[in-house]
Amino acid sequence: MQIPANIEIRFTKVRSAKKKKDKAGRRLGRGSNVGENLRRTGDLSLRDTSNFVLWEFSVSFRCPLCYVMLYSFATGRTPTHHSEFWDGQYSRQLLSEKEREGRTYTQGGYRKHLVASLLITRQGDLGEPFVLEPQDESPFMKFGYVQPGQTIPALYSNLIRAPLFRHKSYSTDFLVIKFVISTRHDCFNDTANRNTIKGESKYFIREIKNLFVVGQTYPVTEVPGPHSRKITNTIKHRLQIIAYKLLAKSPGERLKISRLMKYFPDQNELQMRQRLKVGLLSAGRCRLLTGV
Amino acid sequence: MEYHRRGPHQGFWRLKPNWVVPTRAEMLKMVGPEQIVLSESMQVGQRHLQDAGYSGTQDTGGDDDDSHLSIEQQLAPWITTKNFIFATQAKAMLRLHGEGDPTGRGEAFSFIRVSMKDIFVKAGEDYEQKLGLSCWHS
């Protein structure tokens, strides 16, 4: 972010995060699905009082799978009790001999739940707890361990796992947000000041409450090679979706290939023409077969 | 879709008649967030190699031996992630330290693959020296 010189900057007060209410008018609290409030991309913002977590990656180069965070958040993964975030904590139970024997009598699921809630109250930290049984494999596969009685916060998704280390941010450090008003929707959303102008910058300042350093990242899914089938399939489907959306927007329901090519700067046009023809044809064949 | 060579829509692409456009939900199913992340991760790695001067033609697929590739090429995300997943299944061994450690200061694991027959070299040990020793012993 570049701070303009010789221009007065005023910080705008952050809005309170919208709380979803159910039909009876009761506020849906922590247990509710945060994803429900995120209807459009603009709703995912730090310009309100919503909580946030900062993750600092400790590797100095190449961690492409880190993109996952933004995407997973945007898809509104349902967090379970206690936490409004989707990072987790792995703890391995410390069991006495007696408890181990008792295991057969107690219902596994309920027991797990009990231990989990105990752990949360003790830790008082963010995250959805996972309780590991003594015989369970380490969440970090063969490359890291959770000792009995130990709790390790972790970042996990379908693509990576990584241990997290909580850091206390300096009391003099803040998160500054610069927001440039770009659409009419933004102007309309700004209830504090109706006279906002398109192109105007607004600044917000937030306290950093949660700062974690991300340790070794362990991939869970293989990144496909440049010429793999997975990649060509993704390109094909993405091309179709973009084509459908552009068609829906265009007045005559028609489009030029150049408009599509903007989204795929690394692909060659000839190949894309082929994909546009063949891709939609084969999809049509599937549709026929399934009789839809 | 079809390309209109003549007629009122000359030069434009249009949907074929009777074509059913999938719903929003169906479209979301076509490409999941994970797929996007994976393909963009690949692109980041590919671009990195291109910027480093590799033409990108030496794309190794399958479980071939990657040792003929340079360190930079072996660090392509599609190679390191594959190595790691093989290693968790005990099908491969990783170098763990030295070149390819993403922190560059011995705080993370290097996912570069080593031959299953190779000797294990601890952090700080010299490969040549250890190899010499083991030869001498046998």
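This report describes B:Leu38, the helix that holds it, and the contact between chains A and B in a predicted model.

**B:Leu38 and its surroundings**

B:Leu38 belongs to helix α2 of chain B, which covers residues 33–51. The residue counts as buried because 28 C-beta neighbours lie inside 10 Å, and the cut-off for that class is 20 or more. Leaving aside residues up to four places away in sequence, B:Leu38 touches A:Thr221, A:Val223 and A:Pro224. Within chain B, the C-alpha atom of B:Leu38 is 9.4 Å from that of B:Trp78, a residue 40 positions away along the chain.

B:Leu38 shares its buried status with other residues of α2(B), including B:Pro33, B:Val37, B:Ser39, B:Ser41 and B:Met42. Further along the helix, B:Gly45, B:Gln46 and B:Leu49 are buried as well. An α-helix has 3.6 residues a turn, so residues three or four places apart point the same way. After α2(B) comes B:Gly53, which has a positive phi near 100 degrees.

**The contact between the chains**

In total, 48 residues of chain A are in contact with 44 residues of chain B. On the chain A side, the elements that contribute two or more residues are α1 (68–74), β9 (218–219), α5 (229–249) and α7 (269–290). Of these, α5(A) supplies the largest share, 8 residues. Sorted by class, the chain A side consists of 25 nonpolar, 13 polar and 10 charged residues.

Helix α5(A) also has buried residues: A:Ile231, A:Thr234, A:Lys236, A:Leu239, A:Gln240 and A:Ala243.

**Two helices by length**

The table sets the expected span of α2(B) and α5(A), at 1.5 Å a residue, beside the distance between the end C-alpha atoms.

| Helix | Residues | Expected span | End-to-end C-alpha distance |
|---|---|---|---|
| α2(B) | 19 residues | 27 Å | 27 Å |
| α5(A) | 21 residues | 30 Å | 30 Å |

For α2(B), the expected span agrees with the distance between its end C-alpha atoms. The two values for α5(A) agree as well.

**Chain A as a whole**

Chain A contains 7 helices and 9 strands. Of its 292 residues, 19% count as buried. Among contacts in chain A with a separation of 6 or more, 70% join residues 24 or more positions apart.

Notes
Residues are numbered from 1 along each chain as its sequence is written. Chains are lettered from A and ligands numbered from 1 in the order in which they are written. This is a predicted model: local features need pLDDT of at least 70, side-chain atom pairs count only at pLDDT 80 or more; totals for chains, interfaces and linings use all residues. Helices (H or I, at least four residues) and strands (E, at least two) are DSSP runs, numbered from the N terminus. A residue is buried if 20 or more other C-beta atoms lie within 10 Å of its own, exposed if 12 or fewer, and partly exposed in between; C-beta atoms are placed from the backbone. Two residues are in contact if their C-beta atoms, placed from the backbone, lie within 7 Å. Ala, Val, Leu, Ile, Met, Phe, Trp, Tyr, Cys and Pro count as nonpolar, Asp, Glu, Lys and Arg as charged, and the others, Gly among them, as polar. The expected span of a helix is 1.5 Å times one less than its number of residues.
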